[in-house]
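Okay, shall we start? Have a look at the sequence and the structure, and I'll talk you through them.

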Amino acid sequence: MSDWKAIASTATVDAIDNTGTTGGGGVPIYNLVDQLVAEDYDDLWDGSILNSIHIDENGSSSYQVVWTGTGVAGAAIPDYFMGSGGNAINGSPYYKHDDWVSAGDIFTVGSYLRMYGMSSVLTVPTEPVPEPASVITWTLLGIVGCIGTWWNRRRKAG
């Protein structure tokens, strides 16, 4: 199970903090079709990404403008963060574009835009899961071994 966070800034929380991608290092970040987006957290907020993240939950590309309220470095932009109220009227809101975060006059009053989300770190189990045939084989060998031991002890006792 994974925890999802919006890639968005509010008056009190920057997107870089909301997504837990502060500081150097981190893990590689992939989009929903397994393409590398950023090598690590620094790479995510350096102003460009390796592959776009405009993939929806069904694996389809969506080139629609996406609202973030966030500047390139992951911090809220004054007057344009989520819930600032003036962003739909004052023009030049910040939004996610293919090249990462850009500015432009895209809103009209009452318009609705999509948002991006980021999951917590997903891990793949390193221990191989035994296939059923192996489990059955080892179980049968164990049973045969127990029977053989029992039979051998009975024969020696008699």
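Before I point at anything, one bit of vocabulary: when I say helix or strand, I mean a DSSP run, at least four residues for a helix and at least two for a strand, numbered from the N terminus. Take L50: it sits in the loop between α2 and β4, and β4 covers 66-67. And please keep in mind that this is a predicted model.

So, the overall layout. The protein chain has 3 helices and 7 strands. Reading from the N terminus, you go β-α-β-β-α-β-β-β-β-α. The chain has 158 residues, and 28% of them are buried. If you take the contacts with a separation of 6 or more, 50% are between residues 24 or more positions apart. On the outside, the chain exposes about 10400 Å², with carbon and sulfur atoms supplying 56% of that.

Let's go inside. Which residues have the most contacts within the largest nonpolar core? They're I7, I29, V37, L44, W45 and I53, in a core of 13 residues. The elements giving two or more residues to this core are α1 at 15-18, β3 at 36-38 and α2 at 41-44. As general background, nonpolar side chains in soluble globular proteins tend to be buried together.

Now, W45 has a polar partner. The side chain of T21 makes a polar contact with the side chain of W45, at 2.8 Å. T21 itself is in the loop between α1 and β2, with β2 at 29-30. Is T21 buried or exposed? Buried, because its relative accessibility is 1%, and the cut-off for buried is under 20%. Leaving out neighbours within four places in sequence, T21 is in contact with I16, Y41, L44, W45 and M118. L44 and W45 we've already met, as members of that core.

Another buried residue to find is S9. You'll see S9 in the loop between β1, which is 4-6, and α1. Its relative accessibility is 0%, so S9 counts as buried. What does the side chain of S9 meet? There's a polar contact of 2.7 Å with the side chain of T70. A polar atom of the S9 side chain also lies 2.9 Å from the backbone nitrogen of A15.

Staying around α1 for a second, D17 lies in that helix. D17 is partly exposed, because its relative accessible area is 46%. Its C-alpha is 9.5 Å from the C-alpha of I7, and the two are 10 residues apart along the chain.

Back to L50, as promised. At 48% relative accessibility, L50 is partly exposed, and the line for exposed is drawn at over 50%. Which residues does L50 touch, not counting those up to four places away in sequence? L36, V37, A38, E39 and D43. With A38, the C-alpha atoms are 5.9 Å apart, and the two residues are 12 apart along the chain.

Just before β3, find D34, in the loop between β2 and β3. Its phi is near 65°, a positive value in a residue other than glycine. Most residues other than glycine have a negative phi, and that's why I'm pointing this one out. D34 is exposed, at 68% relative accessibility.

How many salt bridges does the structure hold? Just 1. The side chains of D3 and K5 form it, with 3.8 Å from N to O. In general, side chains of opposite charge can pair when their charged atoms come close. Both ends are partly exposed: D3 has a relative accessible area of 44%, and K5 has 35%.

Last stop, the far end of the chain. L122 is in the loop between β7, at 117-119, and α3. L122 is exposed, with a relative accessible area of 61%. L122 and V27 are 95 residues apart in sequence, and their C-alpha atoms are 10.0 Å apart in space.

Then comes α3, residues 132-157, where you'll find I147. I147 belongs to a nonpolar patch on the surface, together with I136, L140, I143, W150 and W151. Together these residues have about 670 Å² of accessible area. Compare that with the core, where the nonpolar residues are buried. That's my tour, thanks.

Definitions and conventions. Residues numbered from 1 in each chain as written. Predicted model: local features only at pLDDT ≥ 70, side-chain atom pairs only at ≥ 80, totals over all residues. Heavy atoms only, no water. Buried < 20%, exposed > 50% of the residue type's maximum accessible area, 1.4 Å probe, protein only. Contact = heavy atoms within 4.5 Å. Areas by Shrake-Rupley, 256 points an atom, 1.4 Å probe, with all protein chains shown as cover. Core = buried A, V, L, I, M, F, W, Y, C linked by side-chain atoms within 4.5 Å. Patch = residues over 30% accessible without salt bridge, like charges linked within 9 Å, V, L, I, M, F, W, Y side chains within 5 Å. Salt bridge = Lys/Arg side-chain N within 4 Å of Asp/Glu carboxyl O. Polar contact = N/O pair within 3.5 Å; in protein donor to acceptor, adjacent residues only side chain to side chain.
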